[in-house]
Amino acid sequence: MVDLAELLSRRALDVAPQLLGVVFAHRSPEGVVAVRITEVEAYSGDGSDPAAHTHRGPTPRNKVMFGPPGTLYVYFSYGMHWCANVVCSPHGSGEAVLLRAGEVVDGIEVARRRRPAARRDVDLARGPARLTRALAITGADNGRNLLDPRCTMHLSPRAPVLEKSQVRTGPRVGISKAVDLPWRFWLDVEPTVSESRKPRV
DNA sequence: CCTTTGATCATCT
DNA sequence: GATGATCAAAGGT
């Protein structure tokens, strides 16, 4: 429905729900793995979001988050995991959307090999670090731009039309500041989003 | 189903 | 020196 470059030219809070249903594909020597995004979180760079990595200004780690829209911001978490964000607009504002979960829609055999601990296929990319592992995203990919046609990773150029009732919102996960802001978005009736993380309304 | 705990280290204070 | 945008295994209910 919406052109990708145009979509990413908006604020993270607007971009986040519109990334739901978009397919993230990564081709590598092992083959292509593609994931349909089912859960995201917005991190705002306007100073209103103390949970954002950019809240205290640029550092060596977060500098790519201040880059142009479409940049992939990948950071190392809890001493062993990678998590991936898509940088939003305006350029330099430090806004991004964290990719939290998805459904593997292509390359499932490769994804299973990368995620041997997953007991069920819905667990392959359920969780931000599981998603990066299924897609083989690491710190080496930090700073790549998804809008660059030469990039081995890309988002499907058009987002699907979603029923408004399909998009749910709630608090973000795993943070200690701004815990009440409802800036997490996910697709309802989604087995790739943990039931315990779907607050009742 | 749920809760607890260990793993493991870059980053920032 | 403490924290953290996490995960998986283990044990309890």
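Me: Why does Gly 70 count as buried?

Reply: Its relative accessibility is 0%, and buried means under 20%, so Gly 70 meets the cut-off. Keep in mind that this is a predicted model. Gly 70 sits in the loop between E2 and E3.

Me: What is Gly 70 in contact with, apart from its neighbours within four places in sequence?

Reply: The partners are Leu 8, Val 86, Val 87, Arg 144, Asn 145, Leu 146 and Leu 147. Asp 148 is 78 residues away from Gly 70 in sequence, and the two C-alpha atoms are 8.5 Å apart in space.

Me: Why is Tyr 78 called exposed?

Reply: The relative accessible area of Tyr 78 is 70%, and exposed means over 50%, so the label follows. That area is computed on protein chains only, which is worth remembering here, as Tyr 78 is among the residues surrounding DNA strand B.

Me: What else can you say about the backbone of Tyr 78?

Reply: Tyr 78 lies in the loop between E3 and E4, and its phi is near 55°, a positive value in a residue other than glycine. A polar backbone atom of Tyr 78 is also 2.7 Å from a base oxygen of DNA strand B. A polar contact needs N or O atoms within 3.5 Å, so this pair qualifies.

Me: Which other residues surround DNA strand B?

Reply: Along with Tyr 78, the list holds Arg 56, Thr 59, Pro 60, Arg 61, Phe 76, Gly 79 and Met 80. Of the atoms of DNA strand B within 4 Å of the protein, 68% are sugar and phosphate atoms. By class, this surface has four nonpolar, two polar and two charged residues.

Me: How do you know that Thr 59 makes a polar contact with DNA strand B?

Reply: A polar side-chain atom of Thr 59 is 2.2 Å from a phosphate oxygen of that strand. The limit is 3.5 Å, so the pair counts.

Me: What makes Phe 76 and Trp 82 a tilted aromatic pair?

Reply: Two values are used, as a pair of aromatic rings is described by the distance of the centres and the angle of the planes. A search of the whole structure gives two aromatic pairs. In the pair of Phe 76 and Trp 82, the centres are 4.8 Å apart and the planes are at 45°. The centres are within 6.5 Å, so the rings pair; the angle is neither under 30 degrees nor over 60, so the pair is tilted.

Me: Why are Phe 76 and Trp 82 each called partly exposed?

Reply: Phe 76 has a relative accessible area of 44%, and Trp 82 has 28%. Partly exposed covers the range between 20% and 50%, so both values fall in it.

Me: How do you know that Asn 85 makes a polar contact with a base of DNA strand C?

Reply: An N or O atom in the side chain of Asn 85 is 2.5 Å from a base nitrogen of DNA strand C. Tyr 75 has a polar side-chain atom 3.4 Å from a base nitrogen of this strand. Both distances are within 3.5 Å, so both pairs count. Two or more residues of the surface near DNA strand C come from each of E3, E4, E5 and H4.

Me: How many residues surround DNA strand C, and which are the closest?

Reply: There are 23, the closest being Tyr 75, His 81, Asn 85, Arg 115 and Arg 130. By class, they are 12 nonpolar, eight polar and three charged. Sugar or phosphate supplies 52% of the strand's atoms within 4 Å of the protein, and bases supply the rest.

Me: How do you know that the buried residues of H4 line one face?

Reply: The buried residues of H4 (128-135) are Pro 128, Leu 131, Thr 132, Ala 134 and Leu 135. Seen down the axis, they fall within an arc of 160°, so they line one face of the helix. Their cover includes E1, E2, E4, E5 and H3. Ala 136 follows H4, with a positive phi near 60°.

Me: What makes the link between Arg 126 and Asp 123 a polar contact?

Reply: Their side chains are joined at 3.1 Å, and the limit is 3.5 Å, so the distance fits. Arg 126 lies in the loop between H3 and H4.

Me: Why is Ala 178 partly exposed rather than buried?

Reply: Its relative accessible area is 23%, and buried would need under 20%, so Ala 178 is partly exposed. Ala 178 is in the loop between E7 and E8, and its phi is positive, about 55°.

Key:
Residues numbered from 1 in each chain as written. Chains lettered and ligands numbered in written order. Predicted model: local features only at pLDDT ≥ 70, side-chain atom pairs only at ≥ 80, totals over all residues. Heavy atoms only, no water. Near = heavy atom within 4 Å. Polar contact = N/O pair within 3.5 Å; in protein donor to acceptor, adjacent residues only side chain to side chain. Nonpolar A, V, L, I, M, F, W, Y, C, P; charged D, E, K, R; others polar. Buried < 20%, exposed > 50% of the residue type's maximum accessible area, 1.4 Å probe, protein only. Helix = DSSP H or I, 4+ residues; strand = E, 2+ residues; numbered from the N terminus. Arc of directions from axis to C-beta. Contact = heavy atoms within 4.5 Å. Phe/Tyr/Trp six-rings, centres within 6.5 Å; stacked < 30°, edge-to-face > 60°.
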